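User: I should like a close look at one part of this model, namely a helix and its surroundings. Please describe that part in a connected account.

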Amino acid sequence: AGAAGALSAPIRSVVPGAGVSILIESFIVTVIGGMGSIGGALAAALILGLTRSFGSIGFPLFVEGMMFAIMALVLLLKPSGLAGKRQS
């Protein structure tokens, strides 16, 4: 993470809150995919990427809200995530 930040510093501006949007999206991917599931994280990243891409065309002001709505829907239907294991 430190190396990625150092490499992106010449391209992007360096401010204290620079990684907040990436952190939020990473959290959403982890919740949707399920803890400890690489396949679930991949599926969640694809779903959120498609949501961000197509949402920015049709509803650019609601993209962030759509991502949170998808997360809430997954949490309601399958609390352990798409590929997470159920805790007993």
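**Helix α2 and its surroundings**

Analyst: In this predicted model, the buried residues of helix α2 are Ile28, Val29, Val31, Ile32 and Gly33. The cover over these buried residues includes α3 and α4. Helix α2 itself spans residues 20–33. Its 14 residues reach 20 Å from the first C-alpha to the last, close to the 20 Å expected at 1.5 Å a residue.

After α2 comes glycine 34, which has a positive phi near 105°. Serine 37 belongs to the loop between α2 and α3. With a relative accessible area of 14%, serine 37 is buried, because the cut-off for burial is under 20%. A polar atom of the serine 37 side chain lies 3.0 Å from the backbone nitrogen of glycine 40. This distance falls within the 3.5 Å limit used for a polar contact.

Beyond the loop, α3 covers residues 38–58, and α4 covers residues 63–77. These two helices, both among the elements that cover the buried residues of α2, also pack against each other: their axes are 9 Å apart and make an angle of about 150°. The crossing of α3 with α4 is right-handed. On the α3 side, the contact is formed by Ile47, Leu48, Thr51, Arg52, Gly55 and Ser56. On the α4 side, Val63, Glu64, Met66, Met67 and Ile70 take part. Sorted by class, the residues of this contact are six nonpolar, three polar and two charged.

Threonine 51, in helix α3, shows this contact at the level of one residue. Leaving aside residues up to four places away in sequence, threonine 51 touches Ser56, Met66, Met67 and Ile70. Of these partners, Met66, Met67 and Ile70 also appear on the α4 side of the helix contact. Threonine 51 has a relative accessibility of 14% and therefore counts as buried.

The wider setting of α2 is a chain with four helices and zero strands, in the order α-α-α-α from the N terminus on. Of its 88 residues, 20% count as buried. Among contacts in the chain between residues at least 6 apart in sequence, 51% join residues at least 24 apart. Taken along the principal axes, the C-alpha atoms fill a box of roughly 45 × 35 × 20 Å.

Key. Residues numbered from 1 in each chain as written. Predicted model: local features only at pLDDT ≥ 70, side-chain atom pairs only at ≥ 80, totals over all residues. Heavy atoms only, no water. Buried < 20%, exposed > 50% of the residue type's maximum accessible area, 1.4 Å probe, protein only. Contact = heavy atoms within 4.5 Å. Polar contact = N/O pair within 3.5 Å; in protein donor to acceptor, adjacent residues only side chain to side chain. Axes fitted to C-alpha atoms, helices over the stretch in contact; angles between N-to-C directions. Left-handed = near helix turned anticlockwise from the far one by under 90°. Nonpolar A, V, L, I, M, F, W, Y, C, P; charged D, E, K, R; others polar. Expected span 1.5 Å × (residues − 1).
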